[in-house]
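Me: Could you walk me through where the ligand ends up here and what surrounds it? I'd like to take it one step at a time.

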Amino acid sequence: MPSDPKPGTLYLVSTPIGNLEDMSFRAVRILQSVDLIAAEDTRHTGKLLHHFQITTPQLSYHDHNRQSRTSELLERLQQGKAIALVTDAGTPGISDPGYELTKACAEAGIPVVPIPGPSAAIAALAASGLASDRFVFEGFLPAKAQARRAHLETLKPETRTLIFYEAPHRLRATLQDLQILGTERQLVLARELTKLHEELWRGTVGEATVLYSDREPQGEFTLVVAGAPLNQATLSEAAIITELQSLLKQGLSRSAASRQLAQETDLPRRQIYQLALSLPEEF
Ligand code: SAM
């Protein structure tokens, strides 16, 4: 069992994404016993702390003050204070404040301890039923239509499962633009996870666009999109090597892995086998 919070340590504490029962015992204990809680929104976190009868003082740490606050918090950590960082929901640093402070601590040699817990991306992926062995977390797409479309164009050949966060007022526009990946792509809309109106809608990008042209998007959404089928993707050499490594790790021989990949991609088996031979024994 881990001991009490150590001085001069930053704790990244995950909090529920909608259901207070998802708060871990360890998260409560750490929040109770650190010297200070840095919170994205102190009023929002105040309710959580009240629920768990935690009386630790708070300080705000959000997008608009994080530059000045990062050095202030770093100083306190260097003085030996134990500090917990929380955001409004989920895991700090995942499309949320936390990265700068964590980076600053890493550079200054200050210990950083994660207190794992809810994250909408992982919950949505796990429940999606789409391939979860390899995935790409994309966070929020650019808000401006042109930049969003350009970014989606670059994601078109991506064969790994894609995860996006989206605000309800942008969902329709995003679904419209996701058609760049193909209207037949499988999509899971994970809405209001862990809450009363939790919903996992499964269908294609095209079907979702039609559905939401009638339906007003309400609540919080995480989108999980199937990757491009291997044989439709523009396979770079690097992508073939990644596929080969994955098959070799599963225990296939170089020859069997090359044969399987050739069948899946319509690429010449010999070309893939040459690449397989170039891989080191251990990777
Ligand atoms: N750090 C958080 C995490 O680890 O999940 C994410 C914070 S990000 C600012 C907020 C976005 O997460 C929302 O816009 C939504 O896309 C997604 N999200 C948060 N809670 C959710 C929920 N209960 N159901 C589905 N998506 C959720």
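Me: Where does the ligand sit?
Reply: Keep in mind that this is a predicted model. To count as sitting in a pocket, the ligand needs more than half of its atoms within 2 Å of the pocket's grid points. The ligand passes that test, and its place is the largest pocket.

Me: Which elements give two or more residues to the shell around the ligand?
Reply: The shell is made of 19 residues, with Ile94, Asp96, Ser119, Ala120 and Phe221 the closest. Two or more shell residues come from each of β7 (161-166) and β10 (221-225).

Me: Why does the ligand lie between two domains?
Reply: Look at who contributes to the shell. Residues come both from 10-118 and from 121-225, so the ligand lies between domain 1 and domain 2.

Me: How much of the ligand's area does the protein bury?
Reply: Start with the polar contacts to the backbone. Ligand nitrogen is 3.1 Å from a polar backbone atom of Ile17 and 2.8 Å from one of Ile94, while a ligand oxygen is 2.5 Å from a backbone N or O of Phe221. On its own the ligand would expose 580 Å², and the protein buries 91% of that.

Me: How many residues of the shell are nonpolar?
Reply: Sorted by class, the shell has 5 charged residues and 5 polar ones. The nonpolar count is 9.

Key:
Residues numbered from 1 in each chain as written. Predicted model: local features only at pLDDT ≥ 70, side-chain atom pairs only at ≥ 80, totals over all residues. Heavy atoms only, no water. Near = heavy atom within 4 Å. Polar contact = N/O pair within 3.5 Å; in protein donor to acceptor, adjacent residues only side chain to side chain. Areas by Shrake-Rupley, 256 points an atom, 1.4 Å probe, with all protein chains shown as cover. 1 Å grid on protein atoms, 1.4 Å probe; cavity = no way out; pocket = protein on both sides within 12 Å on 5 of 7 lines; lining within 4 Å. Helix = DSSP H or I, 4+ residues; strand = E, 2+ residues; numbered from the N terminus. Nonpolar A, V, L, I, M, F, W, Y, C, P; charged D, E, K, R; others polar. Domains from an automatic or database assignment.
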